[in-house]
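Open the model in a viewer that can show residue numbers and backbone torsions. The stops below are meant to be followed in order.

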Amino acid sequence: MDLQFLGTSAGVPTKARNVTGTAVIEATGSHWYLVDCGEATQHQLLHTSLSIRDLRGVFITHVHGDHCFGLPGLLASAGMSGRTQPLDLILPAALHDWLRLGLAVSQTYLQFELRLLALEELGTWRNDNIQVSTVPLSHRVPSHGFVFSEINPEPRLDIARLEADGIPRGPLWGELAHGNPVQHEGRVLNTSDYLRPSRPPRRIIVCGDNDTPQLLAEVAQDVDVLVHEATFTQPIVERTQVTFGHSTAAAVAQFAEAAGIANLVLTHFSARYQPDPRRSPSIEDVRAEAMAHYSGNLILARDLQRYHMGRNGRLMPSPP
């Protein structure tokens, strides 16, 4: 799976960072999933290779506007682009009527089915390639994280089973390899019986706002990547004595180190952190604070940057 960040700022956009939006992209192709949809997310998409027609699900972590105000516009543009495939939207129940009303009063008529699913009742969502589960977090309003797990990644034919079942080599094998069920001697051969993963499935957690990283302890076992907000640094919190339900870089880094997470991606930075390291506070303060507590692969997410996980399990920026 790849990650591409459409917005990495907390609360309000800056000249360098839009508000929150994260694309989780399947390793098998162009299909992708959107976690949160802050205002202007659809504008950010124009600067990527991602197509709104390939979007397979939208997941909203909580009701705050910097995580959902871009959703009506994104859906309207999807309709105008000619999308016809149904789209699942997993979002807090409190947002369902808001979204329906916004589309209705703006006379936005979609040519595709919009399936609204309540985040609080989701349990597990899945398709053929990805399974998504939720984890409750701690914030000023109910907030959740989403755990993305691959299903049967990079499948290859189980040759031993094919030969044991007497399935002759040739077109039947070819169809199964392409994910198509076939008929042989009066019975249907399903791909799930003859395709096996060529590597272990990857797991990525993408969190909403959260002031208690330890809530992830159970789901973080054997996770490959944790994407977590780091809105503040510790000195800012000590000076203001408020967190507004957010985490510091130190708190997230300490948790990731204790949990043995190989790749930690920090995002959702307060607008006060300047991109220029010569100014204070700067984004480099966030990096330094996290590095003091974490020895793994640390990434501070940048808008529009895509990150790819190699076979060595290390998440790295993709070439432009």
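Which residue just after H8 takes a positive phi? Select Gly260: its phi is about 70°. Bear in mind throughout that this is a predicted model.

**Stop 1: helix H8**

Now select residues 249-259, which form helix H8. Colour Ala249, Ala250, Val252, Ala253, Phe255 and Ala256, the buried residues of this helix. In an α-helix there are 3.6 residues to a turn, so residues three or four places apart point the same way. The buried residues of H8 pack against strand E15 (225-229), E16 and H9.

**Stop 2: H8 against H9**

Add helix H9, residues 283-291. At what angle do H8 and H9 pack? The angle is about 35°, and the two axes are 8 Å apart. The crossing is right-handed. Show side chains for the contact: H8 contributes Ala249, Ala250 and Ala253, while H9 contributes Val286, Glu289 and Ala290. Five of these residues are nonpolar, none is polar and one is charged.

**Stop 3: the largest nonpolar core**

Keep Val286 selected and add Ile205, Leu216, Leu226, Leu264 and Leu266. These six touch the most other members of the largest nonpolar core, which has 29 residues. The elements that each supply at least two residues to this core are strand E14 (203-207), helix H7 (234-240), H8, strand E16 (263-267), H9 and strand E17 (297-300). Which of them gives the largest share? H8 does, with five residues. In soluble globular proteins, nonpolar side chains tend to be buried together.

Centre on Leu226 next. Leaving out residues up to four places away in sequence, Leu226 touches Ile205, Cys207, Leu216, Phe255, Ile261, Asn263, Leu264 and Val265.

**Stop 4: Ile283**

Return to H9 and pick Ile283, which lies in this helix. Ile283 counts as buried because its relative accessible area is 8%, under the 20% cut-off. Apart from neighbours within four places in sequence, Ile283 is in contact with Arg17, Phe269, Tyr273, Gln274, Pro275 and Leu300. For Leu300, draw a C-alpha to C-alpha distance from Ile283: the two are 17 residues apart in sequence and 8.6 Å apart in space.

**Stop 5: the loop between E16 and H9**

Two residues in this loop are worth selecting. One is His268, placed between E16 and H9. The phi of His268 is near 60°, a positive value in a residue other than glycine. Is His268 buried or exposed? His268 is buried, at a relative accessible area of 2%.

The other is Pro281, also in the loop between E16 and H9. Display the peptide bond from Ser280 to Pro281: this bond is cis, with omega near -5°.

**Stop 6: Gln241**

Move to the loop between H7 and H8, where Gln241 is found. Gln241 also has a positive phi without being glycine, with a value near 65°. With a relative accessibility of 63%, Gln241 counts as exposed, the threshold being over 50%.

**Stop 7: Gly296**

Select Gly296, in the loop between H9 and E17. Gly296 is partly exposed, at 33% relative accessibility. Which residues does Gly296 touch beyond those up to four places away in sequence? They are Glu257 and Ala262. For a span across the model, draw the C-alpha distance from Gly296 to Leu195: the atoms are separated by 34 Å, with the two positions 101 residues apart along the chain.

**Stop 8: Cys37 and Cys68**

Finish with the cysteines. How many disulfides does a search of the whole structure find? The count is zero. Select Cys37, which is in no disulfide; the nearest cysteine sulfur to it belongs to Cys68, 8.6 Å away. Why is Cys68 not bonded to Cys37? The 8.6 Å between their sulfurs is too far for a bond, since a disulfide needs the sulfur atoms within 2.5 Å. Cys37 is buried, at 0% relative accessibility, and Cys68 is buried too, at 1% relative accessible area.

Notes:
Residues are numbered from 1 along each chain as its sequence is written. This is a predicted model: local features need pLDDT of at least 70, side-chain atom pairs count only at pLDDT 80 or more; totals for chains, interfaces and linings use all residues. Side-chain values use heavy atoms; hydrogens and water are left out. Axes are lines fitted to C-alpha atoms, for helices over the stretch in contact, and angles run from 0 to 180 degrees between N-to-C directions. Helices (H or I, at least four residues) and strands (E, at least two) are DSSP runs, numbered from the N terminus. A crossing is left-handed if the near helix is turned anticlockwise from the far one by less than a right angle, and right-handed if clockwise. Contact means heavy atoms within 4.5 Å. Ala, Val, Leu, Ile, Met, Phe, Trp, Tyr, Cys and Pro count as nonpolar, Asp, Glu, Lys and Arg as charged, and the others, Gly among them, as polar. A nonpolar core is a set of buried Ala, Val, Leu, Ile, Met, Phe, Trp, Tyr and Cys residues joined through side-chain atoms within 4.5 Å. Buried means under 20% relative accessible area, exposed over 50%, partly exposed in between (1.4 Å probe, protein chains only).
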